[in-house]
Amino acid sequence: MTAEIDPVYRLACMELRGGNHAAAYAVELPGLSGWVSCRPLHPSPRGGDLYYLSACSNGVIARVALADVSGHGEVVSSAAVRLQDALRKHVDHWDQSLLIRELNDSFLRNAERAQYATAFLASFYTGSGELLFTNAGHLPPLWYHSARREWSFMNDETPYSKEILDLPLGMIGGTSYSQTGVQLEVGDLLLLYTDGISESSDESGEQLGLEGLLSIAEGLPTDSARSAGERLLAVVEQFRGAAPAADDETVVALQRLAQPE
């Protein structure tokens, strides 16, 4: 008797998939294989972590957005609607400068009390393997370089950055966000995550932190997005031990695929 394999969800043209509800599944985007796990903090069925995946009409651009919104309930729901609307409007645009500006301004116009969000947006072009990303105050993704077999953080190192760059969304009207282009090689992995992962604490109250997360990454399997993502969550749970999760936990794992011949 063979083991049953979970199906892979394949995004259709112009489709936008995601949200802030509990989910765990494998997914295929243009040029990328992926795996998603979203775990709202128990007992809430929906949390403050938002993720969305999309594919453009010609099947050459994939986009991934991960955000961590302050607040709960209707505050997060309204943020989810604004993020969805903006992503749908710009689904065919590889350049995301207008998208991130629109998101920032919409958070200011619709802010309730001190609402803000950190966000990481990335657009992948299958033709060249280039990834264009914008980090708005979010945690840096883990990046596995398959050619060198090394893990690092994907940071924005734009030499002309200014102090107002990369602020969380909804802090200052007209904020300009930088974009960085990087080359993904076949087999490269990206692990996007929210602070519920990096700020996990063990039974003594010691926090995992970014260095601890990088140490975990160095022992992860790299054969697939799913195996890397699942193992990351398993090791974080081992680190916590008997200590319960204290925040929503979301991981989006991506791996560049070889171009079909």
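**Strand 13, the cores and an enclosed cavity**

Strand 13 is mostly covered, with eight of its eight residues buried. This description, like everything that follows, rests on a predicted model. A good way into the structure is to follow this strand and see what surrounds it. From strand 13, Glu249, Val251, Ala253 and Gln255 point one way, while Thr250, Val252, Leu254 and Arg256 point the other way. Residues on both sides are buried. In a regular strand the side chains alternate between the two faces of the sheet.

Strand 13 has pairing partners that can be traced residue by residue. With strand 4 (32-39), strand 13 pairs in the antiparallel sense over eight bridges. Within this pairing, Gly34 has Leu254 as its bridge partner in strand 13. Strand 12 (189-193) also runs antiparallel to strand 13, and five bridges join the two. Here Leu190 stands opposite Leu254. Leu254 is thus a helpful landmark, being the bridge partner of Gly34 and standing opposite Leu190.

The nonpolar interior comes next. The largest nonpolar core has 27 residues, and those with the most contacts inside it are Leu29, Tyr51, Leu53, Leu131, Met154, Leu190 and Val252. At least two residues of this core come from each of strands 3, 4, 5, 6, 7, 8, 12 and 13. Strand 3 (23-29) supplies the largest share, four residues. Another core, of 24 residues, lies apart from this one and includes Trp151, Tyr193, Leu220 and Val235.

Met154 offers a close look at the packing. Leaving aside neighbours within four places in sequence, Met154 is in contact with Phe120, Leu131, Phe133, Pro140, Pro141, Trp143, Val182, Leu184 and Leu190. Of these partners, Leu131 and Leu190 are also among the residues with the most contacts inside the largest core.

The structure also holds three cavities of 30 Å³ or more. In the second largest cavity lies about 40 Å³ of space. Its lining is made up of Leu32, Ala62, Val64, Ala122, Ser123, Phe124, Leu131, Leu184, Leu190 and Leu254. Strand 6 (61-69) and strand 7 (117-125) are the elements that give two or more residues to this lining, and strand 7 gives the most, with three residues. By character, the lining of the second largest cavity divides into nine nonpolar residues, one polar and no charged. Several familiar names return here: Leu254 and Leu190, which stand opposite each other, both line the second largest cavity, as do Leu131 and Leu184, two of the contact partners of Met154.

Conventions. Residues numbered from 1 in each chain as written. Predicted model: local features only at pLDDT ≥ 70, side-chain atom pairs only at ≥ 80, totals over all residues. Heavy atoms only, no water. 1 Å grid on protein atoms, 1.4 Å probe; cavity = no way out; pocket = protein on both sides within 12 Å on 5 of 7 lines; lining within 4 Å. Points joined across faces, edges and corners; volume = space filled by probe spheres on them. Nonpolar A, V, L, I, M, F, W, Y, C, P; charged D, E, K, R; others polar. Core = buried A, V, L, I, M, F, W, Y, C linked by side-chain atoms within 4.5 Å. Buried < 20%, exposed > 50% of the residue type's maximum accessible area, 1.4 Å probe, protein only. Contact = heavy atoms within 4.5 Å. Pairing = 2+ DSSP bridges.
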